[in-house]
Amino acid sequence: EGPGLFAVFAEFDVKHRRNVAAAVQRVLRGLLRHPPTSQEMRRAKNLMQTSWLQGYETFHNQASALGAYALENHLDRLRGYLPKILSLERRDIVRVIRTYFAGELSGAVVEP
């Protein structure tokens, strides 16, 4: 919903820094030819659900999430986030890949 940012974070040996951006772009473009399988989708959803639920194991984490969403007046998004993720289907991901990864990709490598 609305503007957003898709980011890839990578850790690498500094001697390979010139190859990292190109390698990430190859992987993203590879998704055009080989989108995630249904099995990969199930695994990703399981990982997202586990991460989301573990993020609410403490009162501190619960309050942080509620506060962050409340500050932006988006408590409805907080309630709907996990169900929305779990309802995604392979065709949804393929549509996103074709929409955003087929065109020109921009990137930056931030070095120490």
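## Exercises on a predicted model

What covers the buried residues of helix 5 is a good place to start: helix 1 (17-33) and helix 4 are included in that cover. The structure is a predicted model.

**Exercise 1.** Find which residues of helix 5 (residues 90-100) are buried.

*Solution.* Recall the cut-off: buried means under 20% relative accessible area. Now go through helix 5. D92, V94 and I97 are buried there. Then look at what lies over them. The cover includes helix 1 and helix 4.

**Exercise 2.** Decide whether R79 is buried or exposed.

*Solution.* Locate R79 first. It sits in helix 4 (residues 75-87). Next, take its relative accessibility, 63%. Exposed means over 50%. R79 therefore counts as exposed. Finally, place R79 against L66. The two are 13 residues apart along the chain, and 10.0 Å separates their C-alpha atoms.

**Exercise 3.** Describe the backbone and the exposure of N73.

*Solution.* Start with the position. N73 belongs to the loop between helix 3 (59-71) and helix 4. Then check phi. For N73 the angle is near 60°, a positive value in a residue other than glycine. Most residues other than glycine have a negative phi. Last, check the surface. N73 has a relative accessible area of 67%, so this residue is exposed.

**Exercise 4.** Characterise the largest pocket and its lining.

*Solution.* Begin with volume: the largest pocket holds about 2400 Å³ of space. Its lining has 48 residues, and L5, F6, A7, V96 and F101 are the closest to its centre. Sort the lining by type: 31 nonpolar, seven polar and 10 charged. Then trace the helices. Helix 1, helix 2 (38-54), helix 4 and helix 5 each give at least two lining residues.

Notes: Residues are numbered from 1 along each chain as its sequence is written. This is a predicted model: local features need pLDDT of at least 70, side-chain atom pairs count only at pLDDT 80 or more; totals for chains, interfaces and linings use all residues. Side-chain values use heavy atoms; hydrogens and water are left out. Helices (H or I, at least four residues) and strands (E, at least two) are DSSP runs, numbered from the N terminus. Buried means under 20% relative accessible area, exposed over 50%, partly exposed in between (1.4 Å probe, protein chains only). Contact means heavy atoms within 4.5 Å. On a 1 Å grid over the protein atoms alone, a cavity is a set of points where a 1.4 Å probe fits but cannot get out, and a pocket is an open set with protein on both sides within 12 Å along at least five of seven lines; lining residues have an atom within 4 Å of a point. Grid points are joined across faces, edges and corners, and a volume is the space filled by probe spheres set on the points. Ala, Val, Leu, Ile, Met, Phe, Trp, Tyr, Cys and Pro count as nonpolar, Asp, Glu, Lys and Arg as charged, and the others, Gly among them, as polar.
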